[in-house]
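Colleague: Hi! Could you walk me through this one?
Modeller: Happy to, here it comes.

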Amino acid sequence: MRHTPHYLMTDPDEVRRLIRENPWMTIVSSPPGSGIVASHYAFLLDEQASTGDEIVLIGHVGRPDEQAHELGQHEVLLIVQGAHGYISPSWYEPGDIIPTWNHVTAHLWGTPEILSDEENLEALSALTDHFERRVAEPRGLHLDPEYSRRVARGTVGVRVRVTRVDARAKLSQNKPVEVIERIIGALESDGPYSHPGLAREMRRHHDARDS
């Protein structure tokens, strides 16, 4: 990411929160002779392993993506994209004309560990249960274990122990309080660039900064 040290997120708890709220990630790798490879999958934070400064992710890829990335043989980059959106200069002071794009983003590096078939099935079950818990009548892999095992053979489970983090929260920190409040109000409105999620991130960040 662009070198912007004043936007750095250095609190592991905040990075973990970003991961929990944004499980859909982009995997990027550059295997020798293959160029750049990118894929998109959901990952969960391994809550038991992610303590202190540690961040561990559990997920899977569909075959043959594990071969395309050569998973387990080298480091990969996982991109976590949180709330982001256009910030109009019309929300600034009179005379300001330059817009920007606010965002909360994390880049995570680590070498994936390939899970066993049983671990992969457990990871797939956990992933399904994680999202189904919000559904009125949730369904899970336990309802048909044999079918679930057959489907799981088309996937490869991975565990990523994150060794390096570059996380940024660019949320109009360079603007005065009254402008920040105006931006948040515009994002919370029903205007063309409405984005309540980004407004929540801005309010959370600025409330924490001012407390």
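Modeller: Let's start with burial: of the 211 residues in the protein chain, 45% are buried. Keep in mind that this is a predicted model.

Colleague: Good to know. How much area does the protein chain expose?
Modeller: About 11900 Å², with carbon and sulfur atoms supplying 52% of that.

Colleague: And how many helices and strands are there?
Modeller: The protein chain has 6 helices and 8 strands. Starting at the N terminus, the elements go α-β-β-β-α-β-β-β-α-α-β-β-α-α.

Colleague: In what order do the strands sit in the sheet?
Modeller: The order is S6-S7-S3-S2-S1-S4-S5-S8, in an open sheet of 8 strands with antiparallel pairing. At the edges are strand S6 (113-114) and strand S8 (164-170), each of which pairs on one side only.

Colleague: Does anything pack on that sheet, and what does it touch?
Modeller: Helix H3, residues 117-132, packs there and touches S2, S3 and strand S7 (155-161). The direction of H3 makes about 85° with that of S7.

Colleague: Back to S2 and S3: how many bridges join them?
Modeller: There are 3 bridges between strand S2 (residues 37-45) and strand S3 (residues 56-62), and the two run antiparallel. As one example, Leu45 has Leu57 in S3 as its bridge partner.

Colleague: Switching topic, what about charges?
Modeller: The protein chain carries 22 positive and 32 negative charges, and their mean positions are 2 Å apart.

Colleague: Last one: what share of the contacts with a separation of 6 or more comes from residues 24 or more positions apart?
Modeller: That share is 72% in the protein chain.

Conventions:
Residues are numbered from 1 along each chain as its sequence is written. This is a predicted model: local features need pLDDT of at least 70, side-chain atom pairs count only at pLDDT 80 or more; totals for chains, interfaces and linings use all residues. Side-chain values use heavy atoms; hydrogens and water are left out. Two strands pair if DSSP finds at least two bridges between them. Helices (H or I, at least four residues) and strands (E, at least two) are DSSP runs, numbered from the N terminus. Contact means heavy atoms within 4.5 Å. Axes are lines fitted to C-alpha atoms, for helices over the stretch in contact, and angles run from 0 to 180 degrees between N-to-C directions. Buried means under 20% relative accessible area, exposed over 50%, partly exposed in between (1.4 Å probe, protein chains only). Accessible areas come from the Shrake-Rupley method with a 1.4 Å probe; for residues, only the protein chains shown count as cover. Lys and Arg count as positive and Asp and Glu as negative; His and the chain ends are not counted. The place of a charge is taken as NZ of Lys, CZ of Arg, CG of Asp or CD of Glu.
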